[in-house]
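User: I should like to learn how to read some features of a protein model. Please take me through them in turn.
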Amino acid sequence: MAQSQLNLEQKAAASAPSGYNLIIASAGTGKTSTIVGRISHLLHNGVSPHKILLLTFTNKASQEMIERVARFFNPQIAQNIESGTFHAVAYRYVKQHTNIRLKQPKELKMLFRSVYEKRVFLNRSNQPPYSAQYLYDIYSLFLNSGCKDGFTKWIIQKTPTQEIYTEIYEDVLQEFKELKKLHNYADYNDLLLLYKEEISKNPPNFAEVLCDEYQDTNPLQDSILKALNPKSLFCVGDYDQSIYAFNGADISIISNFIQTYPNARVFSLSKNYRSSQQILSLANEVIQHNQRIYPKKLEVIKQGNFSAPKLLGFDELFLQYQGIAQHIAHSNCKHTETAIIFRNNSSADGIEASLRTLNIPCKRKGSSSFFESKEVVLMLDLCTILTHPSDMMAYINVLSYGKGIGSSMAKDLFESFVRLGNGIALQGVFEPNSTIPAYEKKSKNTQLGLFDDFFNLQAKERFDSILHAGFASHPIFEHPKLNLQSAEFLNEFYILLHTNKTLTIPKHLIMQIAKSEFFQKITQNIAKERAKNKDGNIDSQRLQKAQENIKRKIMLLYDLSCNYQDMRAFLNAMVLISTEASEGSGINLLSVHASKGLEFKNVYVVDLMEGRFPNLKLVTKGGSIEEERRLFYVAVTRAKENLILSYATKDMIKNIEYTPSRFLYEAKLLAN
DNA sequence: ACTACGCCCCTTTTT
DNA sequence: GGGGCGTAGT
């Protein structure tokens with residue numbers, strides 16, 4: 001039974017009475033075991049698994065915990081525990097009550113931009129208005145900060161000089177909101193907001209809610225915990241590891257737990273099983289410089305003869321990366337037990353390149369490279385069009401690949417398909433209602449009569465000779481700006497949809513799309529773009545590489561799709577897992593944020609220079625040096641046995657001189 | 001008004 | 001390598 005493996009402190013926490021329990025679990029003190037032990041305790045006491053809600057920071061963490069529970073109980077029981085990130089849990093619940101569709105943040109940002117760009121900002125005073133991007137991000141922060149006053153008040157309080165624009169901002173946000181509602185789109189914030197709304201009306205009645213990584217909870221998430229209003233709350237966290245302030249995480253939520261819940265109990269786990277004495281001492285030296293909320297004493301359990309943390313100094317940034325790669329090559333460490341951790345993702349490329357030259361395999365979190373790559377987005381958009389027959393964003397993205405078709409005309413075409421299909425775009429493609437005009441009249445721009453030929457509708461038959469019989473004379477071709485090339489493009493689009501419209505199994509559909517002329521042609525162009533030299537010529541070697549790369553990604557997507565029987569489930573899952581999939585195997589390349597909750601035998605923390613780590617740019621923009629110090633603390637406490645820190649005094653490419661990070665002095669690895 | 005294309009910027013962290 | 005922005009061309 002799980003609990004017998006716990007130490008006394010852990011056992012005390014795991015068997016705490018029902019109520020409000022806060023477990024302060026420093027790095028490496030067996031937090032996961034304690035949560036698993038707690039769940040076992042609940043199950044043994046007859047709590048029904050679906051009355052338990054486990055909230056974690058990543059879906060991977062929740063899977064791991066559920067798997068560990070499954071080892072001690074019937075796997076069926078473990079599977080019945082409600083678990084996942086706040087977002088995943090919210091999504092599961094919300095989709096039963098609404099027909100909301102989750103969209104990638106990037107997509108909705110585009111939609112937001114299109115709304116924003118319709119506004120005219122008279123640049124009064126010298127204060128420029130926020131960009132669309134910044135407005136979107138800051139509004140998201142506002143939502144997560146759980147502020148009860150309106151956005152305008154919040155903005156004015158933060159930046160009084162922005163007051164002159166707040167009316168326009170509200171207007172943009174309002175229109176965006178309506179647009180999202182019209183298309184049933186939801187972003188990550190909407191999930192939480194909708195969930196909160198639903199459970200406030202109708203609380204789900206959990207016997208206990210467990211919340212992992214409680215220090216990174218933001219006020220919106222905290223308000224969900226309050227709205228869930230469970231009989232018992234079990235929160236686990238460590239204020240020294242709070243590193244998500246930029247996402248609204250508020251350290252006062254954990255530090256005020258006792259004030260918030262007057263009958264709260266606090267447990268502390270103080271036995272560190274992960275790291276060697278030397279590593280832990282170093283981490284503690286540095287974190288001492290932050291204000292201490294509770295005194296924390298850590299007892300090192302790990303025994304043995306471990307080497308002291310090493311500091312490597314280099315004269316230049318790339319020499320550092322090469323030096324690290326060589327250090328790894330010589331140390332013959334096991335690659336999967338080794339991680340290189342950095343503050344900024346911009347470090348990753350140089351490191352990866354240096355490792356590659358020495359033929360050391362490495363693994364990077366693949367979010368940006370995989371799910372944001374054009375080919376994957378295109379594939380998923382095509383799947384979306386066949387699954388959700390009126391998805392505007394998917395149509396616009398796909399149709400914009402046509403030569404001469406930009407986002408504006410793509411939107412015209414989409415709207416036309418919707419009209420012709422009596423509200424359903426896909427139907428408009430196959431069976432256009434010929435009694436409806438294909439294009440709505442737009443108000444003419446009389447000042448600029450020059451090219452205003454929109455209503456000079458052309459004969460829809462003009463491209464018939466090259467069109468598939470089922471697509472010939474389609475009213476869409478009345479659009480005067482369509483030319484032969486774009487007609488061919490649309491024809492291939494039609495053929496792709498027509499041949500595959502009955503497929504419903506994800507892997508079959510992906511295979512067919514991948515083979516289609518339409519997809520092949522577009523990805524061919526994407527590959528060519530990537531193989532272009534500075535002079536505009538295409539490097540044939542690079543072209544081949546780019547093509548292989550695209551093929552590989554599509555195969556990976558195909559592999560993923562094999563786990564799903566239903567298109568909707570597949571597409572939704574792709575949005576939720578998009579940030580968690582990683583590619584390849586070997587040395588782990590991670591940002592500090594991504595390293596959260598993980599541990600490795602050997603850890604390298606690189607680019608420890610003032611400016612980069614701590615990232616001083618962020619400190620001036622509302623971050624804090626304390627948060628940067630916590631990031632350092634998180635990074636070094638990932639290490640079990642060997643910790644190597646490194647810095648470089650110069651970046652030759654950017655021509656910047658660096659001084660070593662203050663944390664190295666605080667760690668007493670360098671002396672003033 | 002819209003699209004294509006060339007040039008310059010930079011690149012914080014995540015669900 | 002991508003995204004934003006200005007310019008030329010339709």
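User: How does the span of helix α7 agree with its 13 residues?

Analyst: The expected span of a helix is 1.5 Å times one less than its number of residues. For the 13 residues of α7 (residues 132–144) that gives 18 Å, and the end C-alpha atoms are 19 Å apart, so the two agree. Helices here are DSSP runs of H or I of at least four residues, and strands are E runs of at least two, numbered from the N terminus. This is a predicted model: local features need pLDDT of at least 70, side-chain atom pairs count only at pLDDT 80 or more, and totals for chains, interfaces and linings use all residues. Residues are numbered from 1 along each chain as its sequence is written, with chains lettered from A and ligands numbered from 1 in written order.

User: Which residues of α7 are buried?

Analyst: A residue is buried if 20 or more other C-beta atoms, placed from the backbone, lie within 10 Å of its own. In α7 these are L135, Y136, Y139, F142, L143 and N144. They pack against α6, α8, α9, α10 and α11, where contact requires such C-beta atoms within 7 Å. Just after α7, G146 takes a positive phi of about 65 degrees.

User: Where is confidence lowest in chain A?

Analyst: pLDDT is the predictor's confidence in each residue, from 0 to 100. Its mean in chain A is 86. Confidence is lowest in strand β14 (residues 582–583), at a mean of 57, and highest in strand β6 (residues 208–211), at 96. Over residues 443–454, pLDDT stays under 50. Where pLDDT is low, the predicted coordinates should not be read in detail.

Key: Two residues are in contact if their C-beta atoms, placed from the backbone, lie within 7 Å. A residue is buried if 20 or more other C-beta atoms lie within 10 Å of its own, exposed if 12 or fewer, and partly exposed in between; C-beta atoms are placed from the backbone.
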